[in-house]
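Colleague: I have just opened this entry and would like some help reading it. Could you walk me through it, one feature at a time?

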Amino acid sequence: MSPDFLNFIETVLNGLMTGVMYSLVALGFVLIFKASGIFNFAQGVMALFAALTLVGLQTGQVPFAHLINAVLGTDVHHWGPGLPTVLAILVTMLVMIALAFLIEKVVLKHLVNQEPIILFMATIGLAYFLEGTGDLMWGADVKALDVGLPSGGSFWWEDVTRNWAPAGSDYFGMYIDTLDVSAAIIAVVLVVALTLFSQYTATGRALRAVADDHQAALSVGISLRSIWVIVWSIAGFVALVAGIMWGAKSGVQFSLSLIALKALPVLILGGFTSIPGAIVGGLIIGVGEKLAEAYVGPLVGGAVENWFAYMVALAFLLFRPQGLYGEKIIERI
Amino acid sequence: MNQHIDPGSLRADDGIEKGGMLLHVDNISLSFGGVKAISDVSFDIKKGEIRAIIGPNGAGKTSMLNVINGFYHPQEGTITFRGEKRRRMKPHAAASQGIARTFQNIALFKGMTTLDNIMTGRMTLMHGNLLTQALWVGPAQREELAHRETVEKIIDFLEIEHIRKTPVGRLPYGLQKRVELGRALAADPALLLLDEPMAGMNLEEKEDMSRFVLDVNQQFGTTVALIEHDMGVVMDLSDRVVVLDYGRKIGDGTPDEVRNNQNVIDAYLGVSHD
Ligand SMILES: Nc1ncnc2c1ncn2[C@@H]1O[C@H](COP(=O)(O)OP(=O)(O)OP(=O)(O)O)[C@@H](O)[C@H]1O
Ligand SMILES: [Mg+2]
């Protein structure tokens, strides 16, 4: 294989890895949108909040330390060495479930049967509230997140691929980040688990039923409120996974909540109601953006990665507004 | 067929004798903005009977079912189900107390298989709530199998074995209606509300559906409220008939009484209302 072709493959592979991250965030959106017709603006912030909580628990930070110190004149910051990673992840998950309960009790319950735009605005409010709470609880500094996943380039893969090039060519092998690989594997496991859950459990069936027909679901006695709590908990779980991946890659910082913006083109591509759409859409955007950067970038002076996704989304909005797999949705938001 | 659909049912015994009062609605009035859908209607449904609700288009029949299962909340009147009187039903309460229904415009879960659709009918008979079921997968799975057995019986009963695994959105209309009946039956209902179960069917399908409704009523003793436009079907199946017209009750009695009621004849012949 020629080095040019190998470079192409490397770009595609890296694009797929990035795409998996996009898919993960988009998946959280789709789950909530399917079950309740709500476009959850706070999905990105939920990922941030989950990651902040995880780091806080892992490092033994005292929540609301600044507030406590300011009010009581104390100087608390850490309560100890922190929880082991696995335990910290479990506790964070409990926090996300509690958050889902709270959102249902405090926000959604009072907005039943409201226009989608009102629910959307409520999620904008929620996003700011969560961001503020995250800041207040854990502080605004950038934190490193280490959950023990391997990271750095894979030498093994570099060695393997080096030999694919013709002998004598100055090709040094493909670079692939092991953290990206673990992220991709975890994302695949997550999607398979979610699929099994929704296909083979009574709760999953109820979720599908609600997504399919609200009124029929009510008539068989499915409680919409329980469904909402479940869906927001699952979305919280997906946010936690996404938060861990992004946090491990680029540190836990408030710009993390902006990954939600990257999910938007993915959703437009994949359709707001399609889980396969979210996955395929994420991969396409990821690969497309890396390829564009590598092959179009040099022609236009780089930085294609920053706007490519939005251009694709714009094209889709013009020519295929329902996305690759979605149902007619544009009028719903 | 004399197997009980669910012998161990939670709802098998509610202490009401056959022929006793299962439900009565009193002085129900319902309007949407300026449109009066139901005006001061009262009637009752006795345990074990097939009670037809008939009337011309727009008479308020569907609205009445929606009041009974809690989709609509009437401005006036009360609903008494199994001796408990209330101003309005809530859909969840109605379902968990054994009121199951089908819809005039089929409301199935179109992306799901026949089997899954009918399984959702068991929802209120499952122990624990959706949250605990999601968390305790083991016990939930065992329970699932027991419900599955009942659902297979319903599938046999309705003669739809061949479409068990077909997504219902792909089924022809007549079969969809049958699956919807199956979903309602799966709830082991104390009161089965059927909104035009035979509308749009050919003669053979109508005969099948009539037979199912009759069998359900006679073999399981299920109480049925049936909205139907086909007078032949109504006269054959029902024990008593209530007639609505422009949201008012204009007749109530046995099929024979209703057939000879002058108001009813006028309404159906389109005699002007003034
Ligand atoms: N959700 C609603 N909003 C506004 N008006 C409604 C609503 N539901 C019913 N109505 C009105 O109430 C009246 C009774 O309608 P309903 O559907 O109960 O009649 P019906 O007897 O079932 O008629 P059909 O035989 O055509 O099914 C109609 O005028 C209808 O337009
Ligand atoms: Mg009707």
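Modeller: Gladly. Let us begin with a backbone contact: an oxygen atom of ligand 1 sits 3.1 Å from a polar backbone atom of B:Ala59. Please keep in mind that this is a predicted model.

Colleague: Which side-chain contact does B:Lys61 make with ligand 1?

Modeller: A polar side-chain atom of B:Lys61 is 2.7 Å from an oxygen atom of ligand 1. B:Gly58 takes part through its backbone, with a polar atom 2.9 Å from an oxygen atom of the ligand.

Colleague: How much of ligand 1 does the protein bury?

Modeller: Taken alone, ligand 1 exposes 630 Å², and the protein buries 66% of that. Two elements of chain B each give two or more residues to the shell around it: β2 (35-46) and α1. The largest share, three residues, comes from α1(B).

Colleague: What kinds of residues make up that shell?

Modeller: The shell divides into five nonpolar, seven polar and two charged residues. Of the 14 residues around ligand 1, those that come nearest are B:Gly58, B:Lys61, B:Thr62, B:Ser63 and B:Gln104.

Colleague: Which protein atoms are donors to the magnesium ion?

Modeller: They are OG1 of B:Thr62 and OE1 of B:Gln104, lying 1.9 to 2.1 Å from the ion, which is ligand 2. B:Thr62 belongs to helix α1 (residues 61-68) and B:Gln104 to the loop between β6 (99-101) and α3 (114-120), so the pair ties together parts of chain B that are 42 residues apart in sequence.

Colleague: Are those two donors buried or exposed?

Modeller: In between. B:Thr62 is partly exposed, at a relative accessible area of 25%, and B:Gln104 is partly exposed too, at 29%.

Colleague: Now, how should I read a helix?

Modeller: An α-helix has 3.6 residues a turn, so residues three or four places apart point the same way.

Colleague: Where can I look at a contact inside a helix?

Modeller: Try B:Thr120, which has its place in helix α3 of chain B. A polar atom of its side chain lies 2.5 Å from the backbone oxygen of B:Asn117. With 0% relative accessibility, B:Thr120 counts as buried.

Colleague: What span should helix α6 of chain B have?

Modeller: At 1.5 Å a residue, its 14 residues (173-186) should span 20 Å, and the end C-alpha atoms are indeed 20 Å apart. Of these residues, 13 are buried, so α6(B) is largely enclosed by the rest of the structure. Just after this helix, B:Asp188 takes a positive phi of about 50 degrees.

Key: Residues are numbered from 1 along each chain as its sequence is written. Chains are lettered from A and ligands numbered from 1 in the order in which they are written. This is a predicted model: local features need pLDDT of at least 70, side-chain atom pairs count only at pLDDT 80 or more; totals for chains, interfaces and linings use all residues. Side-chain values use heavy atoms; hydrogens and water are left out. Donors are N, O and S atoms within 2.8 Å of the metal (3.2 Å for Na, K and Ca); water is not among the atoms, so sites may look incomplete. Helices (H or I, at least four residues) and strands (E, at least two) are DSSP runs, numbered from the N terminus. Buried means under 20% relative accessible area, exposed over 50%, partly exposed in between (1.4 Å probe, protein chains only). A residue is near a molecule or strand if one of its heavy atoms lies within 4 Å of it. A polar contact is a pair of N or O atoms within 3.5 Å; within protein, one must be able to donate a hydrogen and the other to accept it, and residues adjacent in sequence count only if both atoms are side-chain atoms. Accessible areas come from the Shrake-Rupley method with a 1.4 Å probe; for residues, only the protein chains shown count as cover. Ala, Val, Leu, Ile, Met, Phe, Trp, Tyr, Cys and Pro count as nonpolar, Asp, Glu, Lys and Arg as charged, and the others, Gly among them, as polar. The expected span of a helix is 1.5 Å times one less than its number of residues.
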